[in-house]
Amino acid sequence: MDFVGSHILSIDQFERPDIDRIFAVAVLMEPFAQRKRVTKVLDGAILGNMFFEASTRTRISFGCAFNLLGGEVRETTGIENSALAKGESLYDTARVLSGYSDVIVMRHPEAGSVAEFASASRVPVLNGGDGANEHPTQALLDLYTIQKEMLAKQRQLDGLRIAMIGDLKYGRTVHSLVKLLCRYKNIHLHLIAPAALQMPEHLVEMARANGHTVHISEQLEGSIAHVDIAYSTRIQEERFGSRAEADLYRGKFRLNQSVYTQHCEPNTVIMHPLPRDSRAEANELDTDLNENPNLAIFRQADNGIVIRMALFALTLDVVDAIDDCSQAVGWYTGSRFQ
Ligand code: CP
């Protein structure tokens with residue numbers, strides 16, 4: 001695909017060479033993310049960071065990624081703090097905000113809303129998550145993480161064995177990740193969820209149509225026995241009619257050190273898009289795994305910076321100019337990336 005000026009709305013847009021290109025640019029971004037070098041390549045550019053639904057990682061990492069390229073960030077959070085609360089349409093909001101910004105990132109609770117917004121925008125729009133539909137940049141950073149973790153074991157992505165655990169119906173990160181894995185070969189997907197929260201059928205069919213094997217289960221222990229990646233997810237309480245309804249499913253699949261030791265192959269990589277629900281009644285990924293070297297969740301979150309920098313650099317066409325505008329970092333950078 002031609003990235004320049006493009007919206008990034010869905011994994012459907014990408015073929016495998018596009019993913020390779022994003023990952024190759026992400027590698028170029030590593031010295032900037034690791035605070036070894038700084039660049040001003042986007043000096044004067046403005047990101048409109050529009051988060052109409054709660055976020056910690058996606059909002060802050062998109063903003064930091066833009067700052068690390070030298071750009072400025074203007075943002076709004078919550079529908080209640082925007083004119084959408086006064087009945088303004090997504091069309092009008094997009095027409096206005098795209099006059100203020102060079103690129104926009106948007107998260108919104110309704111599926112399809114970011115694409116609707118993008119259709120009226122005069123600048124590229126990147127999907128930061130639209131309802132239960134997709135979270136394409138999360139899937140890209142997830143796969144970038146998986147690739148790094150597998151390469152450390154001299155393994156490729158083709159042939160990957162991955163368990164997706166938890167709320168696969170409403171979890172948009174796993175929807176995008178399944179689509180992304182359809183660009184690879186011979187993937188073994190283990191989908192572990194309550195029957196009512198299983199992966200949407202069209203995504204299961206897509207995986208099978210691409211030649212992948214799909215195992216569907218409601219039982220955690222036996223299903224994580226032979227996987228490279230155990231990808232846990234949170235019950236997406238905000239998509240349920242009530243908290244009581246979400247409570248029916250919360251805490252059903254708890255991965256902790258004891259379950260890991262008894263049931264996983266050694267060195268199975270543990271992932272989660274975060275936030276993990278650490279309340280006692282949920283605790284889907286126990287804090288007793290925090291010192292387990294195979295817990296990749298914070299490496300995964302760190303990788304959000306380079307992936308999002310790469311997407312800005314590609315859509316705004318500055319990849320080849322980055323190094324010319326860069327210099328070594330002059331301040332203490334400590335041990336934060338160890
Ligand atoms: N993974 C993710 O989307 O996290 P946030 O909701 O904190 O942005």
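Which residues are around the ligand? I began my notes with this, bearing in mind throughout that the model is a predicted one.

**Entry 1, the ligand.** I listed the residues around the ligand and found Ser55, Thr56, Arg57 and Thr58, then Arg107, His135 and Gln138, and finally Pro273 and Leu274. I then looked up the polar atoms: a polar side-chain atom of Ser55 lies 2.6 Å from an oxygen atom of the ligand, and an N or O atom in the side chain of Thr58 is 2.6 Å from an oxygen atom of the ligand. For Pro273 I noted a backbone N or O atom, which lies 2.9 Å from a nitrogen atom of the ligand.

**Entry 2, the sheet of four strands.** I traced an open sheet of four strands, whose order is β3-β2-β4-β5 and whose pairing is parallel. Its edge strands are β3 and β5 (125-130), each of which pairs on one side only. The neighbouring strands are turned against each other by 10° on average, direction ignored. On this sheet I found helix α4 (residues 113-120) packed, touching β4 and β5, with a direction that makes about 160° with that of β5.

I went on to the pairing of β2 with strand β3 (residues 72-77), where six bridges join the two strands, which run parallel. I picked out two opposed pairs here: Leu47 stands opposite Val73 in β3, and Phe51 stands opposite Thr77 in β3. As a general reminder to myself, side chains in a regular strand alternate between the two faces of the sheet.

Is β2 enclosed or open to the outside? I found that five of the six residues of β2 are buried, so the strand is largely enclosed by the rest of the structure.

**Entry 3, Met50 and Ile104.** I chose one residue from each of two strands, Met50 in strand β2 (residues 46-51) and Ile104 in strand β4 (residues 103-108). Met50 has a relative accessible area of 6%, and I count this residue as buried because the cut-off is under 20%. Ile104, at 0% relative accessibility, counts as buried as well.

Setting aside residues up to four places away in sequence, I found Met50 touching Arg74, Thr76 and Leu97, and also Ile104, Val105, Met106 and Arg107. I checked one of these pairs along the chain: Met50 and Arg107 are 57 residues apart, yet their C-alpha atoms are separated by 6.5 Å. Arg107 also appears among the residues around the ligand.

For Ile104, leaving aside neighbours within four places in sequence, I noted contacts with Leu47, Gly48 and Met50, with Leu97 and Ser98, with Phe117 and Ser121, and with Val123, Pro124, Val125 and Leu126. I also looked up a pair with a wider separation, Ile104 and Glu284, which are 180 residues apart along the chain and whose C-alpha atoms are separated by 33 Å.

**Entry 4, the sheet of five strands.** I then followed an open sheet of five strands, with parallel pairing and the order β8-β7-β6-β9-β10. The edge strands are β8 (213-217) and β10 (269-271), each pairing on one side only. From one strand to the next, the twist averages 15°. Helix α7 (residues 201-209) packs on this sheet, where I found it touching β7 (188-192) and β8, and its direction makes about 145° with that of β8.

Within the sheet I looked at strand β6 (residues 161-165) and strand β9 (residues 229-232), which run parallel and are joined by four bridges. Across this pairing, Ile162 stands opposite Ile229 in β9.

**Entry 5, Arg239.** Where is Arg239 found? I placed Arg239 in the loop between β9 and α9 (243-247). Its relative accessible area is 15%, and I record Arg239 as buried because the limit is under 20%. Apart from neighbours within four places in sequence, Arg239 is in contact with Glu53, Pro109, Gly131, Ala132, Tyr170 and Arg172.

**Entry 6, helix α11.** I tested the length of helix α11 (residues 297-315): at 1.5 Å a residue, its 19 residues should span 27 Å, and its end C-alpha atoms are 27 Å apart, which agrees. I also found 15 of the 19 residues of α11 buried, so this helix is largely enclosed by the rest of the structure. My last note is on Asp317, which follows α11 and whose phi is positive, near 60°.

How values were computed. Residues numbered from 1 in each chain as written. Predicted model: local features only at pLDDT ≥ 70, side-chain atom pairs only at ≥ 80, totals over all residues. Heavy atoms only, no water. Expected span 1.5 Å × (residues − 1). Buried < 20%, exposed > 50% of the residue type's maximum accessible area, 1.4 Å probe, protein only. Pairing = 2+ DSSP bridges. Axes fitted to C-alpha atoms, helices over the stretch in contact; angles between N-to-C directions. Contact = heavy atoms within 4.5 Å. Near = heavy atom within 4 Å. Polar contact = N/O pair within 3.5 Å; in protein donor to acceptor, adjacent residues only side chain to side chain.
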